[in-house]
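Student: Hi! I've got a structure to look through and I'm not sure how to read it. Could we go over it together?

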Amino acid sequence: MKVTKAVIPAAGFGTRFLPATKAQPKEMLPIVDKPTIQYIVEEIVKSGIKDILIITGRGKHAIEDHFDKSYELEEELRKSERRDLLEIVENVSNMVNINYVRQGEAKGLGHAVYCAKSFVGDEPFALLLGDDVVDSEVPCIKQLIDIYEEYDRTIVGVQKVERKHVSKYGIVDVDGVSEGLHLVKNMIEKPSIEEAPSDIAILGRYVLSPKIFGYLENTKPGKNGEIQLTDAIQQLSKEEEVYAYEFEGKRYDIGSKVGYLKATIEFALKRADINREFIKYLFTLAEEKGIEYKRKTGK
């Protein structure tokens, strides 16, 4: 069955980026000059999906405003003949059909996904988390969609992580099927190093069977008192196969400050309009800091 819909949960408080996220959604933090959530939406559009549901919460109006038309701004750019900027602004509001629903209570990712039930109906759907931006030749979610449409089974996007970081992710225990594709035997949400069955982590990309809603409806709160999507997928895997696919591409953890800074720097270096000046600055800065480090340490 074709995958024609995508869901983006965006109801979190963004506490790791306070105070910046006190009055603006973390999803609107820019990577260079584009909000993080726009990279996610563009990945979906490039994968051929035209209908998106963004699950929001209180204080998230800026997301809706960003993807809405801005008549006053467009008219001002038109009058000043800033055709380049006008095209950018118009493209944002015209790129895709976006719907919104509020998650009334912060009950975890599983509950947020359950809020998409009416939008999804009886169709499979793509799920993309905004904390993970993937730079890849073939859009990350398109890679998973292709696998889903071949196997007609739930697919979770995975990559290997450092063992010391397994407690940040859902970790899978798997059997190999083919290169990069694994059959999921078990899943544990944010295990300790000792509990983790592997170093293969679920990294913010899923293509889910609509059957997941039946399991989410009956999933009891797990770790941190939240309804965990991982627990529901684990229950689904007892009825039918669930696969994990090691997607190709460089993934950035936008949920951490260091990951966000890495993404900002590396995406800036890809920009032909600013990379030459920026690289020159980085070399100069590195030289200055290197001299300062040697002076302080004598090394």
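Student: Let's start with empty spaces inside. What volume does the largest cavity have?

Tutor: The largest cavity has a volume of about 50 Å³. Keep in mind that this is a predicted model.

Student: Okay, and how many cavities of 30 Å³ or more does the structure hold?

Tutor: There is 1 cavity of 30 Å³ or more.

Student: Which residues line the largest cavity?

Tutor: Its lining is made of F17, K26, E27, L29, T36, G130, D131, I254 and Y260. Sorted by class, that lining has 4 nonpolar, 2 polar and 3 charged residues.

Student: F17 caught my eye. Which charged end sits over the ring of F17?

Tutor: That is K257, whose charged end lies over the F17 ring, 5.8 Å from its centre. You can find such an arrangement at F119 too, where the charged end of K5 sits over the ring at 5.2 Å from the centre.

Student: Now pockets! What is the volume of the largest pocket?

Tutor: The largest pocket has a volume of about 1,300 Å³. It is lined by 43 residues, and the closest to its centre are R16, K26, L109, D131 and K190.

Student: How does that lining divide into nonpolar, polar and charged?

Tutor: The pocket lining has 14 nonpolar, 14 polar and 15 charged residues.

Student: Which element gives the largest share of the lining?

Tutor: That would be β11, with 4 residues. The elements that each supply at least two lining residues are α5 (109-114), β11 (200-208), α9 (229-236) and β13 (250-253).

Student: Tell me more about β11. How many of its residues are buried?

Tutor: In β11, 9 of the 9 residues are buried, so the strand is largely enclosed by the rest of the structure.

Student: And which strands are joined to β11?

Tutor: One of them is β6 (residues 125-128), which runs antiparallel to β11 and is joined to it by 4 bridges. Another is β8 (residues 155-160), also antiparallel to β11, with 5 bridges between the two.

Student: Can you give me residues to click on?

Tutor: Sure! For β6, look at F125, whose bridge partner in β11 is L208. For β8, look at K160, which stands opposite I200 in β11.

Student: You listed K190 at the pocket. Where is K190 found?

Tutor: K190 is in the loop between β10 (181-189) and β11. Its phi is near 45°, which is a positive value in a residue other than glycine.

Student: Is K190 buried or exposed?

Tutor: In between: K190 has a relative accessible area of 34%, so it counts as partly exposed.

Student: Which other residue has a positive phi although it is not a glycine?

Tutor: V32 is one, with a phi of about 65°. V32 lies in the loop between β2 and β3 (34-35), and it is partly exposed at 28% relative accessibility.

Student: What about peptide bonds? Which one is cis?

Tutor: The bond from L18 to P19 is cis, with omega near 5°. P19 belongs to the loop between β1 and β2.

Student: What else is in the loop between β1 and β2?

Tutor: F13 has its place there, between β1 (5-9) and β2 (30-31). F13 is exposed, with a relative accessible area of 63%. Its C-alpha atom is separated by 9.5 Å from that of K60, although the two are 47 residues apart along the chain.

Student: Last topic, aromatic rings. How many aromatic pairs are there?

Tutor: Searching the whole structure gives 7 aromatic pairs. Take Y151 and Y243: their pair is tilted, with 5.0 Å centre to centre and 50° between the planes.

Student: Where do Y151 and Y243 sit?

Tutor: Y151 is in helix α7 (residues 140-151) and Y243 is in strand β12 (residues 243-246), so this pair links distant parts of the chain, 92 residues apart.

Student: Which of the two is buried?

Tutor: Y243 is buried, at a relative accessible area of 10%, whereas Y151 is partly exposed at 29%. The cut-off for buried is under 20%.

Student: Which rings are linked into a cluster?

Tutor: Ring pairs connect Y39, Y252 and F267 into a cluster.

How values were computed
Residues are numbered from 1 along each chain as its sequence is written. This is a predicted model: local features need pLDDT of at least 70, side-chain atom pairs count only at pLDDT 80 or more; totals for chains, interfaces and linings use all residues. Side-chain values use heavy atoms; hydrogens and water are left out. On a 1 Å grid over the protein atoms alone, a cavity is a set of points where a 1.4 Å probe fits but cannot get out, and a pocket is an open set with protein on both sides within 12 Å along at least five of seven lines; lining residues have an atom within 4 Å of a point. Grid points are joined across faces, edges and corners, and a volume is the space filled by probe spheres set on the points. Ala, Val, Leu, Ile, Met, Phe, Trp, Tyr, Cys and Pro count as nonpolar, Asp, Glu, Lys and Arg as charged, and the others, Gly among them, as polar. Buried means under 20% relative accessible area, exposed over 50%, partly exposed in between (1.4 Å probe, protein chains only). Two strands pair if DSSP finds at least two bridges between them. Rings of Phe, Tyr and Trp (its six-membered ring) pair if their centres lie within 6.5 Å; planes under 30 degrees apart count as stacked, over 60 as edge-to-face and the rest as tilted. A charge sits over a ring if NZ of Lys or CZ of Arg is within 6 Å of the ring centre and within 35 degrees of the ring normal.
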